[in-house]
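Here is my note on the structure, set out as numbered points that can be checked one by one against the coordinates.

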Amino acid sequence: MTEWVEVLRALTTPNDAPLHGTIREDPVSQRDPVTFTTSAYRPMFVRAVDDCIVWLHGPATRVEYDGAPVFITDGTTAWDFTPDPQRPLIGPSDRVHYFGKNQFLIKRRSAAEWAGDDFTRPTGPITEETFVDRRCWTVELAPPERKPHPMRIWVDIETGRILGYRVDAVGVGAHYVDLTVGEPIDSSIFAWSGPTQTQRERQDELRRRSDDVKRNQAQWFADTVTAEPLIARVPVDFTPTTVPAADDETGAFEGYNEHTMLARNPRSPDGSWAPRWGPLHYVWSTPDWDWAAAMNEVAIDDDTVHALQNILHPGVPVDRQRRIDPPRRGRVD
């Protein structure tokens, strides 16, 4: 009787036998051509979907869908054709991540993955049978606690490749069809010599497209509705909901609410006092106090400050008012 350790050794030992076949899901899933997604500088993510055609030769992989490549790697460099079939993304193969229910039909699980609990322990004996015209071991694997049903796999004895799996309890699985193993594969199919783009170039292009769309939309509004600035004033509540800094002797304080900041300090001789705030803020003085105010979501302006002064100290003369803009390295107006 075959021992699990023998199967496990075959599953984790690289084998350079070329493999070519089509992945067929059971039942057939709705066809989804998006097999890869990349964003910014994240790894490339690979998902083998129903009816995709696969070529494997050692670490080299090619996946096609509807007769066009969607992913290629020679084991060192990877090309992702999903964003732009004519100008694929290029990156190192060690940033490629495989995912989805069919991932292990094209990628070997590492020894570390088999040491986990996600379908890594046999529930019964290992038997031999012919599967997709290949001599295979078949075994049922126990699910982890977070999953309800066991899964059966078929492992090619010669190559250690998983050729199919099935969860009988729900009637779901996938396997290779039109499979050939050991026949030579032209190594040129595992490389791309045409135009490419890096992740940074892709993001720059997407940003330019987005900027163009926004400009066109803004121009449409200006041409169709109005080109005049649409500025409406809304009431702003500066009442603090928390006052973490309060001095009973001097009356100085700093207070905040979700949207605003307010502070005062005894009047400084030279008008140099200002809080250490990140948002744009105004500072001004009265005969007894230095004051400061800011808004978090939008920039505070002269009219808002004037209205606030009329509430805080109506009729009291104001001097030394200035506008401090920390994001621009402390520019003061």
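1. I begin with the interior, bearing in mind throughout that this is a predicted model. The structure holds one cavity of 30 Å³ or more, and about 70 Å³ of space lies in the largest cavity. As a reminder of the principle, rolling a probe the size of a water molecule over the atoms shows where empty space is left.

2. Which residues line the largest cavity? The lining comprises L11, the run F104, L105, I106, K107, R108 and R109, then W114, and finally G160, R161 and I162. Sorted by class, this lining has six nonpolar, one polar and four charged residues, so a reader inspecting the walls should expect charged side chains there as well as nonpolar ones.

3. On the electrostatic side, a search of the whole structure finds 21 salt bridges. One of them joins the side chains of R87 and E205, with an N to O distance of 3.5 Å. This pair links distant parts of the chain, since R87 sits in the loop between strand 7 (77-80) and strand 8 (89-92), while E205 belongs to helix 3, and the two are 118 residues apart.

4. Are the two partners of that bridge buried or exposed? R87 has a relative accessibility of 29% and therefore counts as partly exposed, whereas E205, with a relative accessible area of 14%, is buried because it falls under the 20% limit.

5. A second group of contacts is centred on R146. R146 forms a salt bridge with D117, in which the closest N and O atoms are 3.7 Å apart. Distant parts of the chain are again linked by this pair: R146 lies in the loop between strand 11 (134-141) and strand 12 (151-156), and D117 lies in the loop between helix 2 (111-114) and strand 10 (127-131), 29 residues apart. R146 is exposed, with a relative accessible area of 56%, and D117, at 46% relative accessibility, counts as partly exposed.

6. R146 also forms a salt bridge with D118, where the closest N and O atoms are 3.5 Å apart. Here too the pair links distant parts of the chain, with R146 in the loop between strand 11 and strand 12 and D118 in the loop between helix 2 and strand 10, 28 residues apart. D118 has a relative accessible area of 22% and so is partly exposed. Elsewhere, salt bridges that share partners join R87, E201, E205 and R209 into one network.

7. The loop between helix 2 and strand 10 deserves a further look. P125 is found in this loop, and at 57% relative accessibility P125 counts as exposed. T120 is found in the loop between helix 2 and strand 10 as well, yet T120 is buried, with a relative accessible area of 1%.

8. Two C-alpha separations involve residues of that loop. P125 and R322, which are 197 residues apart along the chain, have C-alpha atoms separated by 81 Å. For T120 and T196, a sequence separation of 76 residues goes with a C-alpha to C-alpha distance of 39 Å.

9. Backbone geometry calls for a check at two positions. Most residues other than glycine have a negative phi, and most peptide bonds are trans. Phi of D133, however, is near 65 degrees, a positive value in a residue other than glycine; D133 is placed in the loop between strand 10 and strand 11, and its relative accessibility of 76% makes D133 exposed. D178 likewise has a positive phi, of about 50 degrees, although it is not a glycine. The place of D178 is in strand 14 (residues 172-181), and at 62% relative accessibility D178 counts as exposed.

10. What forms the nonpolar patch on the surface, and how much accessible area does it have? The patch is made of W220, F221, V225 and L230, which together have about 450 Å² of accessible area. Of these residues, V225 is placed in the loop between helix 3 (199-224) and strand 15 (242-246).

Definitions and conventions:
Residues numbered from 1 in each chain as written. Predicted model: local features only at pLDDT ≥ 70, side-chain atom pairs only at ≥ 80, totals over all residues. Heavy atoms only, no water. Patch = residues over 30% accessible without salt bridge, like charges linked within 9 Å, V, L, I, M, F, W, Y side chains within 5 Å. Areas by Shrake-Rupley, 256 points an atom, 1.4 Å probe, with all protein chains shown as cover. Salt bridge = Lys/Arg side-chain N within 4 Å of Asp/Glu carboxyl O. Helix = DSSP H or I, 4+ residues; strand = E, 2+ residues; numbered from the N terminus. Buried < 20%, exposed > 50% of the residue type's maximum accessible area, 1.4 Å probe, protein only. 1 Å grid on protein atoms, 1.4 Å probe; cavity = no way out; pocket = protein on both sides within 12 Å on 5 of 7 lines; lining within 4 Å. Points joined across faces, edges and corners; volume = space filled by probe spheres on them.
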